[in-house]
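User: I should like a close look at a single part of this model, with its surroundings described in a connected way. Please define the terms as they arise.

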Amino acid sequence: FLELVLSDEATRRESTSAHRRAREAGLDPAMRLDTFDDTAAITYDRQVFHELLSLRFLDNAANALIMGTVGTGKTFIPTALGHPAVRRRRSVRFERADHLLKRLKAARLDNSHDTEMRKLLRTDLLILDDFCLQPMDAADTADIYQLIVERHRTAATITTSNREPVEWLALMADGLLAQSAIDRLQSAAYELVLD
């Protein structure tokens, strides 16, 4: 009986801790793998999808690019992958790309930019949602370059976008930094296209 009580308490504490960490990571609690409808009229490479579900890409510090049109699950899938990563006690951070870049600009003004960047670089799984939907200025491009280059092969990044990586180049202010960042992001990435 005592063993059952202790086991129940340990499970409850772990569940509470996982919910708290998921909330701090910015993960939507409704977007979980057990609520994913894989019978929907969306086509995708199931082999790549199952590889991502295994979370081996996280252990190998690989990236994932998830691309598709509006309403295909680009935000749902990485959020759903974040929940089991949190349960495995990995640090996760979900960021909408435009909000992140605005916050980094503001951080330059109050001298907290380096602190913000260190937090992003230390995160085991960084999810950048809606990447490159709008043009980036020089500061945004430099921040993205630094994030991608310093996380390359040391931490996993999931990027979602309505655009293909080749289109990102035209939206970034510095073509050389953009090409270098995108090459690194793609070189160690699983690509999942949702139609």
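Analyst: Two residues are taken to touch, or to be in contact, when heavy atoms lie within 4.5 Å of each other. The model is predicted, so that local features need pLDDT of at least 70 and side-chain atom pairs count only at pLDDT 80 or more, whereas totals for chains, interfaces and linings use all residues. Residues are numbered from 1 along each chain as its sequence is written, and side-chain values use heavy atoms, with hydrogens and water left out.

The part chosen is T160 and the sheet around it. T160 lies in strand β4; strands (E, at least two residues) and helices (H or I, at least four) are DSSP runs numbered from the N terminus. With a relative accessibility of 0%, T160 counts as buried, a term that means under 20% relative accessible area, against over 50% for exposed and partly exposed in between, for a 1.4 Å probe and protein chains only. Leaving aside residues up to four places away in sequence, T160 touches I66, K74, P78, L128, D129, D130 and F131.

One of these neighbours is also reached by a polar contact. The side chain of T160 comes to 2.9 Å from the backbone nitrogen of D130. Such a contact is a pair of N or O atoms within 3.5 Å; within protein, one must be able to donate a hydrogen and the other to accept it, and residues adjacent in sequence count only if both atoms are side-chain atoms.

D130 itself belongs to the loop between β3 (125-129) and α7. Its phi is near 55 degrees, a positive value in a residue other than glycine. In general, most residues other than glycine have a negative phi. C132, in the loop between β3 and α7, likewise has a positive phi, near 55 degrees. The two differ in exposure: D130 is partly exposed, at a relative accessible area of 23%, while C132 is buried, at 3%.

The strand that carries T160 is part of an open sheet of five strands, ordered β2-β3-β4-β1-β5 with parallel pairing; strands pair if DSSP finds at least two bridges between them. β2 (92-96) and β5 stand at the edges with a single partner strand each, so one side of each has no neighbour in the sheet. From one strand to the next, the twist averages 15 degrees; axes are lines fitted to C-alpha atoms, for helices over the stretch in contact, and angles run from 0 to 180 degrees between N-to-C directions. Five bridges join β2 to β3, and R96 stands opposite D129 in β3.

Helices adjoin this sheet. α2 (residues 46-53) lies across β1 and β5, at about 125 degrees to β5. In helix α4 (residues 76-87), T79 is buried at 2% relative accessible area and touches L27, D28, M31, F94 and I127, residues up to four places away in sequence not being counted. Helix α9 (residues 175-187) has A178, A181, I182 and L185 buried. They cover an arc of only 95 degrees around the axis, which puts them on the same side of α9; the arc is that of the directions from the helix axis to the C-beta atoms. Their cover includes β1 (63-68), α7 (138-151), β4 (156-161), α8 (165-171) and β5 (189-194), and β4 is the strand that holds T160.
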